[in-house]
Amino acid sequence: MMTILLRYVVRDVLRSKWLALYLTFFAAVTEGLLYFTAGEAKTVIGLMNVVLLLIPLAAVVFGTLHVHHNRDFVELMLTQPVSRPSIFGALYLGVALPFMAAFVIGVGVPSILHGVAFTAPFQALIGTGCALTMVFFAIAYFVGVAIQDKATAMGAAFLLWLLFGVVYDGVILGVTVAFADYPLEMATIGMIVGNPIDLARIIVMLTFDYAALMGYTGAVFQQFFGTTTGIMVSTLSLALWTLIPVYAGYRTFCRKDW
Amino acid sequence: MITVNALHKTFRTHQVLKDVTTTIPSSCITAIIGPNGSGKTTLMKCIIGLVRPDTGTIDVDGMTALDNPECRTMIGYMSQVARYPDNLTPQDLVAMIRGIRKGQRDTADELIAEFELEGHMRKPMRVLSGGTRQKVGAVLALMFTPSTVLLDEPTAGLDPLSTERLKERILAMRSQGATIAISSHVLSDIQELADRIVYVQEGIVAYDGTVQELYMQSGETSLGKAVTSIIRRSGALRS
């Protein structure tokens, strides 16, 4: 039953001008960076800064709006012989998957044309971009379902983006400066894991040989995230960052009065 | 037949339904009326499963309606506002509902012709007028000729011709034995259609009986005046 609903949610999102704009933007930025900068490293670094801020922002804004804009459609689905978990699954995947595909096509096609798509940095960038799409649409869906008022939900979603995208790094910087005399390596790794955007940034950065340029911290990250345990921890963390908000959204959706 | 027993619902601190018990029989049109915010829509939403009551039971044709999606196979629901995704067409929505209720015979094409929607079926919902969207809502609610029909302000926004066609369809469904509940503020529609009245005020069922009994009890001959007498009586009871 979920696949039937999913088909129509995807169809609605595919016809949205925002999705076309999103795809075009990533294609234009990737092509522009590949054309004007010499070397894949500069392109990936440039793209990484765009991906790490834009994907979470677009996901929280579009995801939260999608929940509120489609309340009557949700009601229509809820009045049919379909279970609430199926409806929630169709709504979440129906929005997140097209945006993920738009990002992959937008970045993937120009990078294939320039022959850099199958390098480790590009693959890490595309992989983490996909993960961030799923994470932040999950957060947006939880916020959109949990908060009844559209303006309040949008405000909360935007604040979460600000927290993860900007404030969190400031907090980490503050902590490392304040406790500079203490061994903070593991604590820093713990704090990095606590923010999916930082985690994505580290995963992409470590695919370069430039990790050493980040000094002692870079070496510590390389030592941890470069190992099998580190890769497993980072993958598991991103998976948990998706699953926890999805589960919270699912629980809220199933108990919600429409 | 819909049986509602001891239904309670509170939104935060506001108690919307207070021990609501009523029966909505089959082969009969029951109007659920009351002032704004009295709990009519909440009662309907509890029956269809959009709102989860705190306590109480709801049975539709002997099957529990609470947390039971299977029960909705026999229910058609038309909401107050028919706002569907901007980029989908009425044709998409009909196909989606057909896909969900695979195997059930449907009369969508007949209803589309009846409401003169043929020319709008391929247009995205965002370009359709409120009245046209409401007609789409009617098609989606009635296309499987459900044995139970819940209509929340069904004629709001409809043109006079479509209103008449919808009323004819509702009366035909009654004669076929359907259980029909209508919530409306348009008393002329209620007077024309309803056999029974459930009057809800501040979450309490203040009157539950046939239209004829209401006239007899109030001594009035028009529905408007008879309802006013209930309001006065229930107000007097509260004070």
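**Exercise 1. Aromatic pairs in chain A**

Y22(A), F25(A), F26(A), F62(A), F99(A), F103(A) and F137(A) belong to one aromatic cluster. The model is a predicted one, in which local features need pLDDT of at least 70 and side-chain atom pairs count only at pLDDT 80 or more, while totals for chains, interfaces and linings use all residues. Residues are numbered from 1 along each chain as its sequence is written, chains are lettered from A and ligands numbered from 1 in the order in which they are written, and side-chain values use heavy atoms, with hydrogens and water left out.

Task: Determine how the rings of Y22(A) and F99(A) are arranged.

Solution.
- Step 1. A pair of aromatic rings is described by the distance of the centres and the angle of the planes.
- Step 2. Rings of Phe, Tyr and Trp (its six-membered ring) pair if their centres lie within 6.5 Å; planes under 30 degrees apart are stacked, over 60 edge-to-face, and the rest tilted.
- Step 3. Over all chains, the structure holds 18 aromatic pairs.
- Step 4. The centres of Y22(A) and F99(A) are 4.9 Å apart and the planes stand at 65 degrees, so this pair is edge-to-face.
- Step 5. Y22(A) belongs to helix α2 (residues 17–36) of chain A and F99(A) to helix α5 (residues 84–113) of chain A, so the pair ties together parts 77 residues apart in sequence. Helices (H or I, at least four residues) and strands (E, at least two) are DSSP runs, numbered from the N terminus.
- Step 6. Y22(A) and F99(A) are both buried. Buried means under 20% relative accessible area, exposed over 50%, and partly exposed in between (1.4 Å probe, protein chains only).

**Exercise 2. Helix α5 of chain B**

Task: Compare the span of helix α5 (residues 160–175) of chain B with its expected value, and state where its buried residues lie.

Solution.
- Step 1. The expected span of a helix is 1.5 Å times one less than its number of residues.
- Step 2. For the 16 residues of α5(B) this gives 22 Å, and the end C-alpha atoms are 23 Å apart, which agrees.
- Step 3. The buried residues of α5(B) include S162(B), T163(B), L166(B), K167(B), R169(B), I170(B) and M173(B).
- Step 4. They cover an arc of only 160 degrees around the axis, which puts them on the same side of α5(B). The arc is that of the directions from the helix axis to the C-beta atoms.
- Step 5. On the face turned away from the buried side, α5(B) carries the exposed residues P160(B), E168(B) and S175(B).
- Step 6. Just after α5(B), G177(B) has a positive phi of about 100 degrees.

**Exercise 3. Two threonines**

Task: Describe the surroundings of T43(A) and T22(B).

Solution.
- Step 1. T43(A) is part of helix α3 (residues 40–69) of chain A and is buried, with a relative accessible area of 0%.
- Step 2. Leaving out residues up to four places away in sequence, T43(A) touches T30(A), L33(A), L34(A), T37(A) and F122(A). Contact means heavy atoms within 4.5 Å.
- Step 3. T22(B) lies in strand β2 (residues 14–24) of chain B and, at 3% relative accessibility, counts as buried.
- Step 4. The residues that T22(B) touches, not counting those up to four places away in sequence, are I2(B), T3(B), V4(B), V198(B) and D208(B).
- Step 5. With D208(B), the side chain of T22(B) makes a side-chain polar contact at 2.6 Å. A polar contact is a pair of N or O atoms within 3.5 Å; within protein, one must be able to donate a hydrogen and the other to accept it, and residues adjacent in sequence count only if both atoms are side-chain atoms.
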